[in-house]
Amino acid sequence: MTDGPTVAPGLSVEREDVTEDELRELGIDTSGASASDFKRYPVLSEGGWYIVIKNQKTMETVHRTKWTLLGPIKLVTDGLHIA
Amino acid sequence: MTDLGVGKTPIKELTDAEFEARYNCDRYTATVLSNRMRYIVEHMCTNLLHHAFSLILRDWYDFAATISGPSNMNYPMSTVSNSLVLFSGAMEHAVRNAVEEYGPDKLKPGDVLMVNDPYRAGNHVNDICFIRPVFHDDKIVTFVALRAHQLDMGGIVPAGFSATKRDVYETGLVIPPMLAYENDQPVQSSFHLIFNNARYCALLLPDMITIYQNLLLGERLMKESFERYGVDAWLGAINYSVDVPAESMAAAIKALPDGVYRGSDLVDADGIDDTLEYEIKVEITKKGERLEVDFSGTSQQARTSINAGVFDTLTATGVALKYLLDPKTAFNSGAYRNVDVVLPAGTICSATPPDGPVFLYWEAAQPVLLAIFKALEPAVKENAVGGDYGSLSIHNGHGVTPDGTPWVTVAQCGGEHGPWGATKSGDADSYGGFYMANNLDPATEAIESELPIVVLRKEYVPDTAGTGYNRGGASVLRDSMFLTDAHHTSSPVHTKRSSGAGVYGGKDGRNGATWLFPAEGGFDVSQRQDLIPVLDPEAYRQSTPVSGMLDPETKALDVEKGEYFWFGANPLWHTKPNDVFRYVTCGGGGWGNPYTREADRVLRDVRDEYVSIEAAARDFGVIITGDPQKDPEGLAIDEAATEARRAELRNAGMA
């Protein structure tokens, strides 16, 4: 070994922007916060995977819906249509 | 998820009528049934332990049982056994995902569902989760599950334990949710699928039959409860059982200061080469009663089988939080109610198929736990917990006896058991399962009577424990001599840095390491009729290093100036009769300032050879006179010299 090891690159969860229209359609009371305070992303918790919308300043969850069983994990057989 | 969110009336404040409305029974009945559920899973596990055939179940306790509610409640896991928590944490999701994929409406009385896919159900392919739907009046009321390690599940290494497998095709047979039993009859095709792919089927079959019988035991005990207390009370008690730790965890989180806490830990390398280290990063945001635990920034998945899956990481997160914040209530799915885990797919702790192989999943899950310990140390202050030995440095050997009988060792001859870290409550034990296991240690007699192995040493190493006001556990050294030609995989993947992190002013435990001592041309124990020395660096010159920070000349452990020897340099070790593998685990982390440790406790450590006289002076500021080898009861504290030494340390700002 000549050079020292490097740390393998990191991966991150993308926190998506949420628009005011989306928040309104979901019936979310923003309590004076702007739409840019909110982000949408997946979380794993009691009961499985969820897609949440949280106020990033207060970390309050304003919307929470069940996601797929395996969330972001894709099986090698996903998409295989076995008649 | 049971519907008890923040803002609901706490259980203790409910009137009797409110309690009954929420849980369909009175407090007394809910408590009785909650305890009954714990009794049921423990009874199942004890029965399996007593009747298992393979070493990994009988001598290691490598299994767990759980109880989960039905699909219309979203499978709340009310009860887990006191065994392998890395299993039980994932089993909430293994049950839900297997039943939902198979179809809850297709299940009939007498069925047993099974699944072993790490990406669907957590853990590794050898850990088959067997799930029994328990019916009442033609409706599924409960699922009882037993996950148990099978001695082999195919793949390129007998028994499977290897850090160098490159993809899911090398790790072994993947079983999607499918029936093992139908109408209480074994499904022939399912058993043939396993036995046509796995080795050692003569042991697997009786183990599986025993597992099935224990599912029946759990079912029978549950049905007795339905008859006596009613199904509504049973389901209410499931909700009650998960609400209790949900409430206590919420209260514990609330007591922490709001803020953002960060921690990390590194895995040395994968099985391809030593050019890449893998970092687990965690950012914990605490606000009010909720935590968000974000693993963004964590390294991409390893190229070989040291990865963990998402459910293993979720378990490690929950266990870390139970240790630090809420250790007094039961661990079940309710512990996660106020915790959101943010986890990108494709990292070393959230691997994806087919190129993110999962086998030694604890080698990524334990660093997850340690990263959380480090992150929350400033928040929990004196409640911080020192790191344990961390890596199992797992050893897996196989061969045939002279009469041609195949043999295999499974986690019996490596660094699988070792020390814990210290806490505010006292010094740490030096010998146990790692923090996310609660297993047995295979007895020396069992190993030597059934395998061509002699256990030469199994002992603590002086001056390896993390120092502190409370001392971490000492490193464990194990020498195993193999009496026949043999092949081995050896996976000490966490020796560059100690896993035994010191806390609250305590120091880290010493790094572990692994060597092979060949008999021919090296140190032949049987010929010399003597053991290989431990503390003499010259003894290591004749060894072949396997892993560790070692002096390249003497090959002895040298944490400060040594070079890293990579465990993957030899994916499969071949040994001759009487060759010896030596494993030394990492030492456990200390708690608190070591210079404040009472001198008589240091004296006892010297007496018991946890600490040398030199280290007592250097690391604790306590001057001991005498000879611990020749006259251990004659050791004494030099009070004046100790006071002078500690004054010197105080003046230097160290004490």
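Trainee: What makes strand β3 of chain B count as paired with β4(B)?

Mentor: The model is a predicted one, and in it three bridges join β3(B), residues 112-115, to β4(B). Pairing requires at least two bridges, so three suffice. The two strands run antiparallel, and V115(B) stands opposite C129(B) of β4(B).

Trainee: How do you know that β4(B) also pairs with β5(B), and in which sense?

Mentor: DSSP gives 10 bridges between β4(B) and β5(B), in the antiparallel sense. The threshold is two, so these strands are paired as well. One of the bridges links D127(B) to H149(B) in β5(B). The two strands form a hairpin with two residues between them. In that turn, D137(B) has a positive phi of about 50°.

Trainee: Why is β4(B) described as mostly covered?

Mentor: A residue is buried if 20 or more other C-beta atoms lie within 10 Å of its own. In β4(B), residues 127-136, eight of the 10 residues are buried, so "mostly covered" follows from the count.

Trainee: Which residues have the most contacts inside the largest nonpolar core?

Mentor: They are C129(B), F130(B), A365(B), L369(B) and M436(B), in a core of 204 residues. Helix α9 of chain B, residues 231-255, gives the most to this core, with 12 residues. In soluble globular proteins, nonpolar side chains tend to be buried together.

Trainee: What is F130(B) in contact with, leaving aside its neighbours within four places in sequence?

Mentor: F130(B) is in contact with V112(B), M114(B), A145(B), L146(B), A180(B), I211(B) and L215(B). Each is listed because its C-beta atom lies within 7 Å of that of F130(B).

Trainee: What makes the packing of α8(B) and α9(B) a contact, and at what angle do they pack?

Mentor: S225(B), F226(B) and Y229(B) in α8(B) meet V231(B), A233(B) and W234(B) in α9(B). By class, the residues of this contact are five nonpolar, one polar and no charged. The helix axes are 7 Å apart and make an angle of about 115°.

Trainee: Why is chain B said to be as compact as a globular protein of its length?

Mentor: Chain B has 16 helices and 24 strands. Its radius of gyration is 25 Å and the globule rule gives 26 Å for 655 residues; the two values are close, so chain B is as compact as a globular protein of that length. Its C-alpha atoms fill a box of roughly 75 × 65 × 45 Å along the principal axes. Of its residues, 59% count as buried. Among contacts in chain B between residues at least 6 apart in sequence, 74% join residues at least 24 apart.

Trainee: How do you know that chain A does not match a compact globule of 83 residues?

Mentor: Such a globule would have a radius of gyration near 12 Å, but chain A has 18 Å. Along its principal axes the C-alpha trace spans about 55 × 50 × 25 Å. In chain A, 20% of the residues count as buried. Of its contacts with a separation of 6 or more, 25% come from residues 24 or more positions apart. The chain has one helix and six strands, in the order β-β-β-α-β-β-β.

Trainee: How many residues does each chain give to the contact between chains A and B?

Mentor: Chain A gives 27 residues and chain B gives 44. On the side of chain A, β1, β2, β4 and β5 each give two or more residues. The largest share, four residues, comes from β4(A). By class, that side has 18 nonpolar, seven polar and two charged residues.

Trainee: What makes β1(A) and β9(B) a strand pair?

Mentor: They share two bridges, in the parallel sense. At least two are required, so the pair meets the criterion. In β9(B), the bridge partner of T6(A) is L276(B).

Trainee: Why are β15 and β20 of chain B called edge strands?

Mentor: The open sheet has six strands in the order β15-β16-β22-β18-β19-β20, with antiparallel pairing. β15(B) and β20(B) each pair on one side only, which is what the term denotes. The twist averages 20° from one strand to the next. Within the sheet, β18(B) and β19(B) pair over three bridges, and L516(B) has T544(B) in β19(B) as its bridge partner.

Methods:
Residues numbered from 1 in each chain as written. Chains lettered and ligands numbered in written order. Predicted model: local features only at pLDDT ≥ 70, side-chain atom pairs only at ≥ 80, totals over all residues. Rg over C-alpha atoms; globule rule 2.2 N^0.38 Å. Buried ≥ 20, exposed ≤ 12 C-beta atoms within 10 Å, placed from the backbone. Contact = placed C-beta atoms within 7 Å. Nonpolar A, V, L, I, M, F, W, Y, C, P; charged D, E, K, R; others polar. Core = buried A, V, L, I, M, F, W, Y, C linked by C-beta atoms within 7 Å. Axes fitted to C-alpha atoms, helices over the stretch in contact; angles between N-to-C directions.
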